[in-house]
Amino acid sequence: MTRDEIRDGILRALAQIAPEADLSRIKPHLRLRDQLDIDSMDLLNFVIAVHKQFNIDIPEADYPQLATLDGFVDYIAKAQTRK
Amino acid sequence: MAEFVMPQLGADMSAGKLIQWRKNVGDRVQRGDIIADVETEKADIEVEVFSTGVIEKVLIQPGQKVPVGTIMAIIREEGKPAHAEIPEVPALSPEAAPPPRVPVRAVAPPTAPGMARIHISPVAKKLAADLGVDPASVSGTGPGGRITLEDVQRAAQAQAAKAAPPEELDRAARMRQVIGAAMARSKREIPHYYLSTTIDMSRALAWLASENLKHSVEDRLVYGVLLVKAVALALREFPELNGLFVGGNAVPKPDIHVGVAISLRGGGLVAPALHKTDQQSLGELMKSFRDLVQRARAGSLRSSELSDPTITVTSLGEQGVEAVFGVIYPPQVALVGFGKIVDRPWASEGQITVRSAVTATLSGDHRVSDGHRGGLFLAAIERLLQEPSRL
């Protein structure tokens with residue numbers, strides 16, 4: 001799976017959680033929580049949606065790596081090569 | 001025969017607009033079925049029905065906005081005769097209003113001495129009373145100036161149109177108005193008292209972290225669920241805080257439905273119920289909570305979730321404040337607030353250690369409880385949070 005495909009998948013999951021957000025304006029290197037009005041419950045729903053989409057487990061301790069879109073893509077890409 | 005009326009979904013709702021019927025005339029419905037979608041200032045609501053039977057008649061069409069209490073459909077309940085005293089209620093469509101008809105069983109209503117006699121049928125009179133319309137202010141279009149059901153409904157609509165925020169405001173502005181009206185009523189009518197205590201959360205958080213290690217992401221818990229469950233269990237010991245204040249009387253409720261305040265993107269908030277909060281396991285509660293937050297923010301809630309809460313819990317912790325002293329949502333009689341969890345120096349048994357702590361507050365209605373009981377209630381929440389595995 002290419003980075004672009006992973007990125008699209010993550011954005012699809014994000015669109016389920018924050019349907020009103022303009023995802024094209026997200027800056028990939030900045031924290032998602034600072035750009036979107038999301039709280040811990042949204043974040044959990046987001047991680048669950050990504051988990052379902054890519055079928056990878058995401059331990060709670062890894063959440064800090066998912067703070068930005070770039071970080072999230074890296075994390076999924078690495079997890080996929082481990083599979 | 002049962003009437004399906006526009007429900008009152010919280011103190012801040014005066015009218016609702018029918019988006020669509022989910023059922024048609026002739027369809028069987030069961031108590032609890034979703035029968036219609038209704039738009040309010042806060043959300044689009046899936047409205048549940050309270051009777052079991054067959055839909056006999058539909059009185060309101062999609063697109064119509066009607067006041068709370070307006071009869072929207074007639075349901076023939078099981079085991080009861082068909083067509084029993086069904087009033088002829090023309091649908092309110094301005095362009096195609098059928099000629100008004102007089103109900104067959106029209107009986108002259110009793111009139112007070114000295115008052116002008118008002119020609120109104122008993123059904124129309126009952127509807128007027130239900131909708132808060134003064135029959136003297138309604139001009140009748142029936143034979144001899146008799147006030148028909150349609151006249152009453154039209155008058156109620158006009159009243160609601162006057163009272164309701166103007167349509168040209170966007171939803172956020174309308175929501176601000178209805179929240180403002182409900183909170184103004186709360187501050188006008190409810191003599192609030194406020195209490196605050198700081199609770200050691202170290203044990204609860206340590207237990208939560210070890211539990212979450214065992215579970216896949218879908219079954220993980222957030223600490224907010226522990227707080228809500230602790231409140232629900234504490235309410236069993238303080239039933240007077242779980243209920244409503246209606247018509248000058250405290251009405252404790254047997255079931256504990258904690259309403260959780262959920263902020264909406266773009267402003268405003270809703271506080272829908274987690275049904276039977278005290279009876280759900282933490283895992284079940286977490287799933288219901290997640291689902292509720294997602295649906296609230298997508299603007300899709302069920303009517304019972306908005307009409308059932310018996311207390312509200314608000315947690316502003318994530319916005320970075322340490323304490324919140326909330327305004328009670330009428331007709332409820334209490335509100336519990338939680339701030340953010342912070343590390344604090346904590347003196348215990350002659351030692352100072354660092355503990356994670358949260359400030360819990362209670363806003364109580366002095367007509368129903370006092371600070372002594374309120375304080376014991378907060379102490380019970382604190383005690384319950386020290387044994388998280390038993391929540």
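**Entry 1: a strand pair in chain B**

I looked up B:Lys57 and found that this residue stands opposite B:Ile74 in β8(B). The model is a predicted one, in which local features need pLDDT of at least 70 and side-chain atom pairs count only at pLDDT 80 or more, while totals for chains, interfaces and linings use all residues. Residues are numbered from 1 along each chain as its sequence is written, and chains are lettered from A and ligands numbered from 1 in the order in which they are written.

Strand β6 (residues 53-58) and strand β8 (residues 71-77) of chain B pair in the antiparallel sense, over 5 bridges. For my own reference, two strands pair if DSSP finds at least two bridges between them. Strands are DSSP runs of E with at least two residues, helices are runs of H or I with at least four, and both are numbered from the N terminus.

I then followed the sheet outward: it is open, has 4 strands in the order β1-β8-β6-β3 (chain B), and pairs antiparallel. β1 (2-5) and β3 (28-29) of chain B stand at the edges with a single partner strand each, so one side of each has no neighbour in the sheet.

**Entry 2: the chain as a whole**

I noted 8 helices and 20 strands in the secondary structure of chain B. Of its 391 residues, 38% are buried. A residue is buried if 20 or more other C-beta atoms lie within 10 Å of its own, exposed if 12 or fewer, and partly exposed in between, with C-beta atoms placed from the backbone.

Chain B is divided into domain 1 (2-163) and domain 2 (187-390), with bounds from an automatic or database domain assignment. Where do the two meet? I found 12 residues of domain 1 of chain B in contact with 13 residues of domain 2 of chain B; contact means that the C-beta atoms, placed from the backbone, lie within 7 Å. The domain 1 side of this meeting divides into 6 nonpolar, 2 polar and 4 charged residues. Here Ala, Val, Leu, Ile, Met, Phe, Trp, Tyr, Cys and Pro count as nonpolar, Asp, Glu, Lys and Arg as charged, and the others, Gly among them, as polar.

**Entry 3: the cores**

Which residues touch the most other members of the largest nonpolar core? I found B:Val228, B:Val231, B:Val258 and B:Val260, in a core of 98 residues. Such a core is a set of buried Ala, Val, Leu, Ile, Met, Phe, Trp, Tyr and Cys residues joined through C-beta atoms within 7 Å. Helix α5 (residues 223-237) of chain B gives the most to this core, with 10 residues. Domain 1 and domain 2 of chain B each supply at least three residues to this core.

I checked B:Val228 on its own: leaving out residues up to four places away in sequence, B:Val228 touches B:Val258, B:Val260, B:Leu274, B:Thr277, B:Leu285 and B:Val313. A second, separate core has 13 residues, including B:Ile120 and B:Val152.

**Entry 4: helix α6 and the other chain**

B:Leu285 led me on to α6(B), where the buried residues include B:Leu285, B:Phe289 and B:Leu292. The 17 residues of α6(B) should span 24 Å at 1.5 Å a residue, and the end C-alpha atoms are 24 Å apart, which agrees; the expected span is 1.5 Å times one less than the number of residues. Just after α6(B), B:Gly299 takes a positive phi of about 75 degrees.

Next came the contact between the chains, with 13 residues from chain B and 15 residues from chain A. Helix α6 (residues 282-298) gives the most to the chain B side, with 4 residues. That side of chain B divides into 4 nonpolar, 4 polar and 5 charged residues.

**Entry 5: a hairpin and some backbone angles**

I turned to β19 (residues 342-348) of chain B: 0 of its 7 residues are buried, so this strand lies largely in the open. Its antiparallel partner is β20 (residues 351-365) of chain B, joined by 7 bridges. B:Asp343 stands opposite B:Ser356 in β20(B).

In the loop between these strands I found B:Glu349, with a positive phi of about 50 degrees although this residue is not a glycine. B:Glu349 counts as exposed, with 5 C-beta neighbours inside 10 Å.

Most residues other than glycine have a negative phi, and most peptide bonds are trans. I therefore also noted the cis peptide bond between B:Pro330 and B:Pro331, where omega is about 5 degrees.

Notes:
Two residues are in contact if their C-beta atoms, placed from the backbone, lie within 7 Å.
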